[in-house]
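User: Could you take a close look at one strand for me and walk me through its surroundings?

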Amino acid sequence: MEFTVKSEIGDKTLSISSGKIAKQASGAVTVQYGETIVLVSVVSPHKAKEGLDFLPLTVEYQEKIYAAGRIPGNYFRREIGRPSEKEILTCRLIDRPIRPLFPKGYRSELQIIATVLSTDQENDPDVLAMIGASAALEISDIPFDGPIAAVRVARTNGEFIANPTKEECENSDINIVIAGSKTGIIMVEGGGDVVSESDMIDAIFFGHEAIKPLIEMQIKLKDIVGVEKREFNPPVTDQELSNIIETEASNGIKEALSVHDKIQRSKALKSVKNDLREKLKEEYGDRKGEIGEIFDSLLKSISRSMILDEGRRIGDRKFDEVRSITCEAGILPRPHGSALFTRGETQVLGVLTLGSGQDEQRVETLSGEEFRPFMLHYNFPPFSVGEARRMGGPSRRDIGHGALATRAIEKILPSKEDFDYTIRLVSEVFESNGSSSMGTVCSGVLALMDGGVPIKAPVSGIAMGLVQDGDKTTILSDILGDEDHFGDMDFKVAGTKDGITALQMDIKIKELSKDVMERALNQARDGRLHILDKMVETLDKSRDEISPYAPKVMTLNVKPDKIREIIGPGGKVIRAIQAETNTRVEVNDEGLVKISAVSQSDGEAALNRIKEIVLDPEVGAIYEGKVVKITDFGAFVQILPGTDGLCHISQLAKTHVKKVTDVVTEGQTLKVEVLEVTRDGKIRLSHKSVMDK
């Protein structure tokens, strides 16, 4: 039996339905907004997986091209197995707000699959998938501390819009996704066109009001479906063993946490853990896993207590203090721009490469093909955290960090009209101990400036943390990896000195209040400006010239009817120009010719070749051309590439000519003057007049 609940969000109806599709899943719903429909299913077997010490949750989001009424454009004409960047980012959007809401110790495998069944190409399915994941969990028997809901918020012409269309997003200066419960915010993801902290707060809590009806819908649907939650008893900690471990390990943990260096601190903690296991081996040798879990819980408790009760943090920094920063620009000779950014024990190399329009990334989406002139790729090798593991392609985390840095930087890039290059930034993380994504922003901006890219303003970024227990709340600036691990919030903020360009917030507690978020944003601004000051000490503006190794881009506007002459039959002419001048030549339908060359001389050679092709012959001008055809009445001379004129027999010499071949032969070079260009484009030439002159 099908059940449906509806609510008005923005100017459209959002509906959630269950009971008709995917009935063998633990829970399944379809969410519809406009003509965009997403199916979300969740499955979790009753039996827990043995030997796990983490929540085995996997989230998949898949966009079916048929949803847009199209056939995939790849060779196989089907959706390929590897998810697109958009699919990976949406998986993360679904995962992050729901993961903290499962009971501690839940070890049954969990899989959430969101499938886009229909898209109107106006309403983005990603937010619908987030709502559907919560709704499917709510109506299932799976234990879940929900519901939550999500909404996209844009600001256009000073007005906030809930779940804006694609066009409204393109014309907005704020575009963020908010997830939350009925009483607070859980997750924020998005950016702005250099907007103030207060405007961003207003956008976030406008979104929070918009999600409240969505939560009521899920509660109503859960009551209608009426499925009881399965019984789940979290594992009980052995209090006697816990007391023993606390007595034996507390002092060692406190001493280890006072070590400033990350590697040495990690070794010290590992030594305390190994000594503990050795002491308990005889009596508790068969409970190594349980001992490890209790030890980790004690470590977290001591770390948090050190901040909340003793007022100090690892490294003895102040709560709003940023670690020491060094910046170096231009450290690589051949790339088009480079910079090394080091903050504490986090070090990131940013590398810039400039290319032509043909280097733009082509992406197939539900809306059709997109071309991206700016790319940022984030790499996190295992040596950056002192590990040895198999190297593979980019992980979901790598894609997510790269997307965050992309949002932070793209708002300050010059327009195509001002800087007609394809831009690729690569982030190589060499060391990591807290917020390599924000290190990517800083190193990337310095690399752009080193490469002579005329950015609008430099951007920096910082990661904020939070430790909260009851009425005690401490906000931390520039968090370490350990502080991220035992803390309650990871809040990354990037922007210029004038405002925010990107932010991302995840919390491990149930929700965050407006007051705490405002404090975190204001403290983040102070830290961000401090980092920015350190960056501009190295480079305060973009270099005046681009690298000598960067391609030279030249443009020329020609009449559209000349395009075919530049391209030639089967592309013969344009290929010849590119091969002979070592350049890339692109021509669009409006007649814009773009030349990319390794050197200035190569570019100018190609430009001159094209000018010769498109140049209209001038009456009275003298050209040196080649005789391409001989007839009884005269000779046809090619005065410009693709442009021939007739030199009549009477114009070949001062004296009377009986036979054309008596004066000229095919292939001969001949100087001629243009006598006339007729309305139909025919050209009359004279060799005799040149002889007179």
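Analyst: Quick bit of vocabulary to start: two strands pair if DSSP finds at least two bridges between them, and strands (E, at least two residues) are DSSP runs, numbered from the N terminus. Keep in mind that this is a predicted model, where local features need pLDDT of at least 70, side-chain atom pairs count only at pLDDT 80 or more, and totals for chains, interfaces and linings use all residues. Residues are numbered from 1 along each chain as its sequence is written, and side-chain values use heavy atoms, with hydrogens and water left out.

So, on to strand 12, which spans residues 337–343. On one side, strand 11 (residues 325–329) is joined to strand 12 by five bridges, and the two run antiparallel. One pairing to look for there is Ile325, whose bridge partner in strand 12 is Arg343.

Then there's strand 13 (residues 346–355), also antiparallel to strand 12, with seven bridges between them. Here Ala339 has Gly350 as its bridge partner. Strands 12 and 13 form a hairpin with two residues between the strands, and in that hairpin Gly344 takes a positive phi near 60 degrees.

What about burial? Strand 12 is mostly covered, with seven of its seven residues buried (buried means under 20% relative accessible area, exposed over 50%, partly exposed in between, using a 1.4 Å probe and protein chains only). Both faces are covered: Gly337, Ala339, Phe341 and Arg343 sit on one side, while Ser338, Leu340 and Thr342 sit on the other. Arg343, the partner of Ile325, is thus among the buried residues.

Conventions:
Helix = DSSP H or I, 4+ residues; strand = E, 2+ residues; numbered from the N terminus.
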